[in-house]
Amino acid sequence: MMSVFELRVAITAEDYDKLVAFYRDGLGLDPGDMWAEHGRGQVLHAGRATIEVLDIEHSQHVDQIEVGERVSGHIRFAFQVPDIQVAIENALKYGARLVHEPILTPWGDLNARIESPDGMQITLFQVKSSES
């Protein structure tokens, strides 16, 4: 059986500096390797990576819960954050647009939806502790 060791999502940016600053400073991803030969590139580490594969019905359901209407495209990022309010405020400082304020989901997390400076739909979620 083949194993996969790492997931990388490659984003081609119209405004490279703005998008790097958004993900690095606005969302707090850790900078890794960077290169400047034949253009520029920056690796940003986002902790543990997973892929969720959703059918259209479930994707619509999540959009309905988080935003109240269908807004996601084919891909939506989701980042677990320790404090959703701080994460939103920081992301907004770096060019995000707030799509929907945090809501308590049926599964007990606080989820908010933002849009990155290049239009990517992003869910920020704070897992509620069992002590709440």
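A helix axis here is a line fitted to C-alpha atoms over the stretch in contact, and angles between axes run from 0 to 180 degrees between N-to-C directions. With that in hand, welcome to this predicted model. Let's look at helix 1, its pairing with helix 3, and one buried residue in helix 2.

**Helix 1 and its surroundings**
- Helix 1 covers residues 16-26, and its buried residues are Y16, L19, V20, A21, F22, Y23 and G26.
- Several elements help to cover these buried residues, including strand 2 (41-45), strand 3 (77-80), helix 3 (84-93), strand 5 (110-115) and strand 6 (121-126).
- After helix 1 comes G28, which has a positive phi, near 80°.

**How helix 1 meets helix 3**
- Two packed helices are described by the angle between their axes and the distance between the axes.
- For helix 1 and helix 3, the axes come within 9 Å and cross at roughly 155°.
- Angles over 145 degrees count as roughly antiparallel, and helix 1 and helix 3 are therefore roughly antiparallel to each other.
- The crossing of helix 1 with helix 3 is right-handed.
- On the helix 1 side, F22, D25 and G26 make the contact, meeting A87, N90 and A91 of helix 3.
- The residues of this contact comprise three nonpolar, two polar and one charged.

**A buried residue in helix 2**
- D63 belongs to helix 2, which spans residues 56-66.
- Is D63 buried or exposed? D63 counts as buried because its relative accessibility is 0%.
- Setting aside neighbours within four places in sequence, D63 is in contact with G68, E69, R70, V71, S72 and R113.

Key
Residues are numbered from 1 along each chain as its sequence is written. This is a predicted model: local features need pLDDT of at least 70, side-chain atom pairs count only at pLDDT 80 or more; totals for chains, interfaces and linings use all residues. Side-chain values use heavy atoms; hydrogens and water are left out. Buried means under 20% relative accessible area, exposed over 50%, partly exposed in between (1.4 Å probe, protein chains only). Helices (H or I, at least four residues) and strands (E, at least two) are DSSP runs, numbered from the N terminus. Contact means heavy atoms within 4.5 Å. Angles under 35 degrees count as roughly parallel, over 145 as roughly antiparallel, 65 to 115 as roughly perpendicular and the rest as oblique. A crossing is left-handed if the near helix is turned anticlockwise from the far one by less than a right angle, and right-handed if clockwise. Ala, Val, Leu, Ile, Met, Phe, Trp, Tyr, Cys and Pro count as nonpolar, Asp, Glu, Lys and Arg as charged, and the others, Gly among them, as polar.
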